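Here are a few exercises to work through with the model open. Try each one before you read its solution.

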Amino acid sequence: MKIVDARVVVTSPGRNFVTLRIETDEGVTGLGDATLNGRELAVVAYLRDHVAPLLVGTDPHRIEDTWQYLYRGAYWRRGPVTMAAIAAVDVALWDIKAKVAGLPLYQLLGGASRERVRTYGHASGRDLPELFDAVRARLAEGYPAIRIQTGVPGLKLVYGVRSGALSARSVGPAVEDWDTAAYLRHLPAVCEAVRNEFGPDLPLLHDAHHRLTPSQAARLGKDLEPYDLFWLEDCTPAENQEGLRLVRRHTTTPLAIGEVFNSVFDYQTLVTEQLIDYVRSSVTHFGGVSPLRRLFDFAALYQIKSAVHGPEDISPVGMAAAIHLDLAVHNFGIQEYAGHTEATGAVFPHAYTFTDGYLHPGEEPGLGVELDEEAAAAYPYEPAYLPVNRLQDGTVHDW
Ligand code: CS2
Ligand code: MG
């Protein structure tokens with residue numbers, strides 16, 4: 001079997017998605033997600049101009065060799081653009097291999113380790129009544145766990161809250177405002193109110209979105225201990241992996257990190273020193289199914305679990321790959337699932353199901369996702385940026 005074509009399809013059914021389609025001389029095709037929110041066209045160029053020509057004529061079954069060829073052969077290793085491009089190739093080749101085998105991808109990853117995949121959904125509100133309504137809505141949809149994000153008194157636009165657009169469709173980035181002291185004062189009271197309203201058992205998650213120093217993160221983790229969070233996510237920018245030592249010394253609140261990581265080396269200290277409890281990378285941003293499975297196996301040595309990143313900017317192709325992995329790996333933790341628009345579902349018909357808060361990849365051979373290119377053509381790319389965060393004095397802060 002030989003690859004005869006590798007094409008990049010950009011479509012924007014509500015938000016931009018970048019998809020790689022690989023075609024073989026035996027008519028079997030594979031799909032891979034290459035969406036990098038806010039920098040999509042960089043990955044398009046990387047794939048279209050530098051990778052696709054190298055794939056034509058190669059054997060699609062040689063997934064590991066192709067991965068190593070693209071990773072080591074580029075010389076300039078790692079980084080979100082490179083690894084999203086390599087991920088798309090890796091996933092498309094796994095899609096092809098599983099289709100040829102006539103098996104859903106999870107069967108090639110060791111088969112099912114569970115019956116279904118537990119998810120968590122997003123609930124946010126500018127104030128408590130709005131937040132409570134959102135939690136109730138997620139509970140009504142069956143979510144077994146819920147991430148809570150809230151406005152902060154005195155701030156206009158805050159990450160994760162309805163008016164804080166995730167992928168602002170604008171000429172330039174929306175500007176959100178931030179005040180760490182106000183946030184640190186406010187969040188514990190929000191968690192206490194949610195616990196009082198919804199009880200002690202509902203698994204609650206919160207995403208600090210990289211905004212705290214290690215000592216501020218330590219303080220917040222400690223302040224939230226009475227509310228028994230399932231996790232506190234991205235509590236501090238974790239490129240400084242050693243910073244998590246300080247946090248871990250002061251709090252037992254479980255920690256989740258890694259959605260912006262694209263290499264196992266980004267996690268090395270965090271995992272070997274057990275500084276975190278969940279690894280958050282997505283298939284799309286970590287180089288594909290092949291390296292993400294290796295990360296999960298590495299994390300398992302330290303009793304750390306998977307928690308694949310799954311917001312709306314991971315396409316149904318990337319989501320399907322994640323769900324196959326989630327079903328198969330032993331140290332599965334939880335899967336983020338924000339769902340997609342109806343238009344996205346029409347562009348990417350898929351076999352995976354979301355039922356009462358749990359996902360299943362389905363039994364279709366391969367990933368179980370198709371790309372309707374006619375439908376995709378109706379949604380041309382639109383420039384879109386992620387917001388930028390500024391402190392009250394105008395200083396750029398982590399978003
Ligand atoms: C967030 C993401 O889902 C999460 O945990 O951190 O929504 C993140 O803000 C977006 O993926 C950025 O594109
Ligand atoms: Mg996050």
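**Exercise 1.** Work out whether E233 counts as buried or exposed, and place it in the metal site.

Step 1: E233 has 0% relative accessibility, so it counts as buried (under 20% relative accessible area; exposed is over 50%, partly exposed in between, with a 1.4 Å probe and protein chains only). E259 is buried too, at 12%.

Step 2: Together with D207 (OD), E233 (OE) and E259 (OE) coordinate the magnesium ion (ligand 2) at 2.1 Å. Donors here are N, O and S atoms within 2.8 Å of the metal (3.2 Å for Na, K and Ca); water isn't among the atoms, so sites may look incomplete.

Step 3: Along the chain, the donor spacing reads D-x25-E-x25-E. E233 sits in strand β8 (residues 231–233) and E259 in the loop between β9 (255–257) and α9 (268–272), 26 residues apart. Strands are DSSP runs of E, at least two residues, and helices runs of H or I, at least four, numbered from the N terminus.

This is a predicted model, where local features need pLDDT of at least 70 and side-chain atom pairs 80 or more, while totals for chains, interfaces and linings use all residues. Residues are numbered from 1 along each chain as written, chains lettered from A and ligands numbered from 1 in written order, and side-chain values use heavy atoms, without hydrogens or water.

**Exercise 2.** Which polar side chains does ligand 1 meet?

Step 1: An oxygen of ligand 1 lies 3.0 Å from a side-chain N or O atom of D313. For H309 the distance is 3.2 Å, and for R147 3.5 Å.

Step 2: Alone, ligand 1 exposes 340 Å², and the protein buries 95% of that.

Technical notes. Polar contact = N/O pair within 3.5 Å; in protein donor to acceptor, adjacent residues only side chain to side chain. Areas by Shrake-Rupley, 256 points an atom, 1.4 Å probe, with all protein chains shown as cover.
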